[in-house]
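Q: I'd like to learn how to read a model like this one. Can we go through it feature by feature?

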Amino acid sequence: MYKYLKVALIVVGLVLMSNTVFAQPKTTTTTAAEAPAATVLDAGHFSIFFGGAFGAGLVILGAAMGIGKIGSSAVESMARQPEVAGQVQTAMIIAAALIEGATFFALIVCILKS
């Protein structure tokens, strides 16, 4: 069940983010009197902002799931073998730091693209 839910969420996310590819700026000419009205965001710009925000949300959810899985597995292995708890904790912290680094990079990309 969860496998199909994950695939469906990924497909929906990709469909929503594909709107940013087809977004084009307005090409109409405006006079000086119409200039303030031309600065209002149209649907193309909204989809660009929404795509960046949606991508950032997916990044945060993925990082949270990954770090949660690392933490639960580490605590379980420490409970089974308490004598290697220090090594497991070190490996867990290194893996969590790598996930956080990738998360920050992806968030920066999402912010710059929106």
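**Reading the model**

A: Sure, let's begin with the surface. The accessible surface of the protein adds up to about 8700 Å², and carbon and sulfur atoms account for 73% of that. Keep in mind that this is a predicted model.

Q: What secondary structure does the protein have?

A: Count the elements, then read their order. Here there are five helices and zero strands, so to speak a plain α-α-α-α-α string from the N terminus on.

Q: How much of the protein is made up of buried residues?

A: The cut-off to remember is that buried means under 20% relative accessible area. In this protein, 12% of the 114 residues are buried.

Q: And what do contacts say about residues far apart in sequence?

A: You look at the sequence separation of each contact. Of the contacts between residues at least 6 apart in sequence, 75% join residues at least 24 apart.

Q: How do I read the span of a helix such as α5?

A: Compare the end-to-end distance with what a rise of 1.5 Å a residue would give. α5 has 29 residues, and its first and last C-alpha are 42 Å apart, close to the expected 42 Å.

Q: Which residues of α5 are buried?

A: They are A96, T103, L107 and C110.

Q: Why does T103 count as buried?

A: Because its relative accessibility is 8%, and the limit for buried is under 20%. T103 sits in helix α5, which covers residues 85–113.

Q: What does T103 touch, leaving out residues up to four places away in sequence?

A: Its partners are V59, I60 and A63. There's a polar partner closer in sequence as well: a polar atom of the T103 side chain lies 2.7 Å from the backbone oxygen of I99.

Q: How far apart in space are E100 and A63?

A: Put the two separations side by side: 37 residues in sequence, but 7.1 Å in space, C-alpha to C-alpha. A63 is one of the residues that T103 touches, too. E100 also belongs to helix α5, but E100 is partly exposed, with 31% relative accessible area.

Q: Which residues make the nonpolar surface patch?

A: For a patch, you look for nonpolar side chains that are accessible and neighbour one another. Y2, L5 and L9 make one of about 370 Å².

Q: Is L9 buried or exposed?

A: Exposed means over 50% relative accessible area, so L9 qualifies with its 52%. L9 is part of helix α1, residues 2–17.

Notes. Residues are numbered from 1 along each chain as its sequence is written. This is a predicted model: local features need pLDDT of at least 70, side-chain atom pairs count only at pLDDT 80 or more; totals for chains, interfaces and linings use all residues. Side-chain values use heavy atoms; hydrogens and water are left out. Patches are made of residues with over 30% relative accessible area and no salt bridge: like charges are joined within 9 Å, nonpolar side chains (Val, Leu, Ile, Met, Phe, Trp, Tyr) within 5 Å. Accessible areas come from the Shrake-Rupley method with a 1.4 Å probe; for residues, only the protein chains shown count as cover. A salt bridge is a side-chain nitrogen of Lys or Arg within 4 Å of a carboxyl oxygen of Asp or Glu. Helices (H or I, at least four residues) and strands (E, at least two) are DSSP runs, numbered from the N terminus. Buried means under 20% relative accessible area, exposed over 50%, partly exposed in between (1.4 Å probe, protein chains only). A polar contact is a pair of N or O atoms within 3.5 Å; within protein, one must be able to donate a hydrogen and the other to accept it, and residues adjacent in sequence count only if both atoms are side-chain atoms. Contact means heavy atoms within 4.5 Å. The expected span of a helix is 1.5 Å times one less than its number of residues.
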